[in-house]
Amino acid sequence: MKRLILPLACLILLAGAPAKAQVNVHIDLGLPVAPPLVVVQPGIQVVEGFQDEVFFHLGWYWCRRPDGWYRAHHPRDRFEPVERRWVPRALVRSPEGRYRNWHRRDSDHRAPAVVRRSRSEERRMERREDRREDRREERREERREERRDRRGNDHGPKGRDDRGNRGH
């Protein structure tokens, strides 16, 4: 009787445990190790001549399928599903199906043109950089003053007492 109690207790414990189901969704596209990429927008490339829409953007390969978006770091990795909110906006906005079997046109063989900023945008960028440099210089000056205070004696900033006399 004692021999049956332990196995019976184990069975009861296992029977009462809820079963955990896992669904693992991914796709294997069968891309080559270094797929040919074509620039379709600044910062966005498409795998040339591929049956699915496969983009390369921000260090990831992205694939759009009817059931959603998938991504992988390398073209030979498994593509894992991604919630639409994590897909870059530029990819989501591209017309669905436009880049399926996409091929480079003769005009696309040239290097992409350098995007020029307008003069007002350049001035705005310069002012922003000037403000950054000013803040950096202020921080440097504050650090220098702190070092001087630490090196000086306890008679206030720059080693002087309240009346402006140098401490001894």
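This is a short walk through one protein chain, from its overall layout to its strands, its unusual backbone angles and its charges.

Keep in mind that the model is predicted. The protein chain has 168 residues, and 18% of them are buried. The secondary structure comes to three helices and six strands. Along the sequence the order is α-β-β-β-β-β-β-α-α. That means one helix, then the six strands, then two helices.

Let's start with the strands. I want to centre on strand 3, residues 53-57. Is strand 3 largely enclosed or largely open? Four of its five residues are buried, so the rest of the structure largely encloses strand 3. The cut-off behind that is under 20% relative accessible area.

Now its partners. On one side of the pairing list is strand 2, residues 44-47. Strand 2 and strand 3 are antiparallel, with two bridges between them. Look at Gln 45 for the register: in strand 3, Phe 56 stands opposite Gln 45. The two strands make a hairpin, and five residues separate them. Within that turn, Gly 49 has a positive phi of about 70 degrees.

The other partner is strand 4, residues 60-65. How many bridges join strand 3 to strand 4? Five, and again the strands run antiparallel. Here Phe 56 comes back: Tyr 61 in strand 4 stands opposite Phe 56. So Phe 56 is a useful residue to click on. Phe 56 faces Gln 45 in one pairing and Tyr 61 in the other. Strand 3 and strand 4 also form a hairpin, this time with two residues between the strands.

That brings me to the backbone angles. Most residues other than glycine have a negative phi. Which residue in the hairpin of strand 3 and strand 4 takes a positive phi? Leu 58, near 55 degrees. Leu 58 is not a glycine. Leu 58 sits in the loop between strand 3 and strand 4. Its relative accessibility is 64%, so Leu 58 counts as exposed. The threshold for that call is over 50%.

Asn 101 is another case. Asn 101 has a positive phi of about 55 degrees and is not a glycine. Where does Asn 101 lie? In the loop between helix 2, residues 89-93, and helix 3. With 44% relative accessibility, Asn 101 is partly exposed.

On to charge. Helix 3 covers residues 119-151. First, the positive side of the story. Ten arginines form a positive surface patch: Arg 123, Arg 124, Arg 127, Arg 128, Arg 131, Arg 135, Arg 139, Arg 143, Arg 147 and Arg 151. Take Arg 147 as an example. Arg 147 is in helix 3. Its relative accessible area is 38%, so Arg 147 is partly exposed.

Then the negative side. Glu 121, Glu 122, Glu 126, Asp 130, Asp 134, Glu 138, Glu 142, Glu 145 and Asp 149 gather in a surface patch of negative charge. Glu 126, one of these, is also found in helix 3.

Last topic: salt bridges. The structure holds ten. I'll show three of them.

One joins Arg 85 and Glu 83, at 2.8 Å from N to O. Are these two buried or exposed? Arg 85 counts as exposed at 62% relative accessibility. Glu 83 is partly exposed, at 46%.

Next, Arg 140 and Glu 133. Their side chains meet at 3.6 Å, N to O. Both ends are partly exposed: Arg 140 has a relative accessible area of 32%, and Glu 133 has 34%.

Then Arg 144 and Glu 137, at 3.7 Å, N to O. Arg 144 is partly exposed at 33% relative accessibility. Glu 137 is partly exposed too, with a relative accessible area of 35%. Which residues do shared partners join into one network? Glu 133, Arg 136, Glu 137, Arg 140, Glu 141, Arg 144 and Arg 148.

To wrap up, three things to look at on screen. Strand 3, largely enclosed because four of its five residues are buried. Leu 58, with its positive phi in the loop after strand 3. And the salt-bridge network that includes Arg 140 and Arg 144.

Conventions
Residues are numbered from 1 along each chain as its sequence is written. This is a predicted model: local features need pLDDT of at least 70, side-chain atom pairs count only at pLDDT 80 or more; totals for chains, interfaces and linings use all residues. Side-chain values use heavy atoms; hydrogens and water are left out. Buried means under 20% relative accessible area, exposed over 50%, partly exposed in between (1.4 Å probe, protein chains only). Two strands pair if DSSP finds at least two bridges between them. Patches are made of residues with over 30% relative accessible area and no salt bridge: like charges are joined within 9 Å, nonpolar side chains (Val, Leu, Ile, Met, Phe, Trp, Tyr) within 5 Å. Accessible areas come from the Shrake-Rupley method with a 1.4 Å probe; for residues, only the protein chains shown count as cover. A salt bridge is a side-chain nitrogen of Lys or Arg within 4 Å of a carboxyl oxygen of Asp or Glu. Lys and Arg count as positive and Asp and Glu as negative; His and the chain ends are not counted. The place of a charge is taken as NZ of Lys, CZ of Arg, CG of Asp or CD of Glu.
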